[in-house]
Amino acid sequence: MSEPTTQSQRSVVVAGAGMAGVQTAVALREKGFTGTITLIGAEPHQPYDRPPLSKAVLLGTAEGSAFDVDFEALGVELRLGREVLGVRTADHVLDTEAGPVPYDVLVLATGAEPLRLPGSEGVPGVHLLRTLDDAERLRPVLARQHDVVVVGAGWIGAEFTTAAREAGCAVTVVEAAERPLAGALPAEVAAPMAAWYADSGAVLRTGTRVERVEPGEVVLDDGTRVPAGAVVVGIGARPATAWLTGSDIALGAHGEVLADDRLRTSAPDVYAVGDCASFPSGRYGERLLVHHWDNALQGPRTVAADILGEAAAPYDPVPYFWSEQFGRFVQYAGHHPGADTLLWRGDPAGPAWSVCWLREGRLTALLAVGRPRDLAQGRRLIEAGTPMDATLLEDPARPLKSAIA
């Protein structure tokens with residue numbers, strides 16, 4: 001009969017060296033894990049943070065955004081520039097380009113990959129903005145002040161447009177939906193944001209698709225030709241989980257790993273965290289797939305606690321993200337599809353305003369433009385499930401926390 005494995009003999013392998021993977025390693029050490037930790041990343045670069053890519057790195061005001069983590073001091077082995085190819089859960093082995101890696105515990109943190117514009121594969125001048133290499137390729141485009149076509153008026157499209165206009169590029173944004181952020185916000189909330197493009201000097205064309213990309217220009221579905229020294233595609237992302245196809249790790253309708261409320265997968269000793277995984281939310285009564293930085297920061301604490309056998313609370317965060325665009329700081333907390341009431345705080349034509357979503361008198365989500373105090377207070381009220389007075393909420397001069405029913 002074999003001896004049980006002690007904590008100091010256990011090996012944790014983390015597939016993915018982005019925020020979720022790095023924070024998993026950090027959280028394990030902070031909680032006292034003494035076994036081996038191996039962090040495997042597909043990119044050759046030191047692990048780095050992604051938000052600066054669409055801002056400082058892109059504009060050349062920062063060389064990179066490497067995490068301020070001393071992996072050697074933490075006793076974390078980095079294996080970079082290695083694609084993961086598959087996993088044999090029965091054997092507890094992760095297959096990589098550089099050969100098999102055995103594990104006692106495996107954490108899937110491979111993130112998401114950007115959707116590509118159909119027909120644009122291999123076409124010169126077509127760019128994505130997801131990796132450090134992507135940002136480095138785009139820096140000279142902005143420096144030379146090319147005409148740029150941005151495909152997609154979502155969060156990344158708005159952030160790139162902001163940077164490109166700041167760099168002096170002429171920008172045309174092509175969006176298939178009738179408004180910006182159509183997949184994220186209702187029409188009445190997204191409508192005021194359309195004006196931000198024009199105010200910045202960018203051209204926004206909604207209800208329009210790219211027919212094809214030709215050298216130096218983009219042809220739209222109405223036959224219009226738009227000059228394009230570069231095309232930047234920001235039409236969404238999907239979980240980077242194709243390598244798990246055929247494994248016994250259950251995937252959801254969007255290709256995401258189906259995790260439970262402790263971020264455990266359907267396979268023994270395998271967890272999933274960050275953009276590649278969905279989790280059941282008791283707060284919202286549905287499974288959430290959250291492609292945002294804060295989720296990749298929070299989830300690893302739950303994973304580390306469960307690996308160490310701590311009785312952690314179920315993972316059920318209030319989703320949060322922010323975006324800097326067109327001189328505005330936009331923040332969102334919560335999840336609003338189940339809401340039955342939408343309330344405005346302030347004038348959406350002005351520089352600062354908020355939108356509140358309520359369900360049965362309780363705040364479920366909040367969007368704040370230039371009102372960080374609303375966001376901070378709203379996030380706490382969502383977490384607490386506090387009953388709110390809708391009439392008091394609509395007064396933008398009143399602090400949110402004093403609009404309690």
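Ala, Val, Leu, Ile, Met, Phe, Trp, Tyr, Cys and Pro count as nonpolar, Asp, Glu, Lys and Arg as charged, and the others, Gly among them, as polar. The exercises below concern a predicted model.

**Exercise 1. Determine how the lining of the largest cavity divides into nonpolar, polar and charged residues.**

Solution.
1. The lining consists of Val290, Asp294, Asn295, Gln298, Pro317, Val318, Pro319 and Tyr320.
2. Sorting these residues by class gives 5 nonpolar, 2 polar and 1 charged.
3. Helix α7 (residues 293–307) supplies the largest share of this lining, with 3 residues.
4. The volume enclosed is about 40 Å³, and the model has 2 cavities of 30 Å³ or more.

**Exercise 2. Carry out the class division for the second largest cavity and state which elements give two or more residues to its lining.**

Solution.
1. The volume of the second largest cavity is about 30 Å³.
2. Its lining is made up of Leu263, Ala272, Val273, Gly274, Ala277, Phe279, Asn295, Gly299 and Tyr315.
3. Two or more of the lining residues come from each of β20 (277–281) and α7.
4. By class there are 6 nonpolar and 3 polar residues, and no charged ones.
5. Asn295 appears in the lining of the largest cavity and also in that of the second largest.

**Exercise 3. Classify the aromatic pair of tryptophan 155 and phenylalanine 321, and locate its two members in the chain.**

Solution.
1. The model contains 8 aromatic pairs.
2. In the pair of tryptophan 155 and phenylalanine 321, the ring centres are 4.7 Å apart and the planes make an angle of 70 degrees.
3. Centres within 6.5 Å count as a pair, and planes over 60 degrees apart as edge-to-face; the pair is therefore edge-to-face.
4. Tryptophan 155 belongs to helix α5 (residues 155–166) and phenylalanine 321 to strand β22 (residues 320–325), so the pair links distant parts of the chain, 166 residues apart.
5. Both tryptophan 155 and phenylalanine 321 are buried.
6. Together with Tyr332 and Trp357, Trp155 and Phe321 form one aromatic cluster.

**Exercise 4. Describe the open sheet of 3 strands: its order, its edges and the pairing of β13 with β14.**

Solution.
1. The order is β13-β14-β15, and the pairing is antiparallel.
2. The edge strands are β13 (210–214) and β15 (225–227), each of which pairs on one side only.
3. Neighbouring strands are turned against each other by 25 degrees on average, direction ignored.
4. Between β13 and β14 (residues 217–220), the antiparallel pairing extends over 4 bridges.
5. Glutamate 214 is placed opposite glutamate 217 of β14.

Definitions and conventions: Residues are numbered from 1 along each chain as its sequence is written. This is a predicted model: local features need pLDDT of at least 70, side-chain atom pairs count only at pLDDT 80 or more; totals for chains, interfaces and linings use all residues. Side-chain values use heavy atoms; hydrogens and water are left out. Rings of Phe, Tyr and Trp (its six-membered ring) pair if their centres lie within 6.5 Å; planes under 30 degrees apart count as stacked, over 60 as edge-to-face and the rest as tilted. Buried means under 20% relative accessible area, exposed over 50%, partly exposed in between (1.4 Å probe, protein chains only). Two strands pair if DSSP finds at least two bridges between them. Axes are lines fitted to C-alpha atoms, for helices over the stretch in contact, and angles run from 0 to 180 degrees between N-to-C directions. On a 1 Å grid over the protein atoms alone, a cavity is a set of points where a 1.4 Å probe fits but cannot get out, and a pocket is an open set with protein on both sides within 12 Å along at least five of seven lines; lining residues have an atom within 4 Å of a point. Grid points are joined across faces, edges and corners, and a volume is the space filled by probe spheres set on the points.
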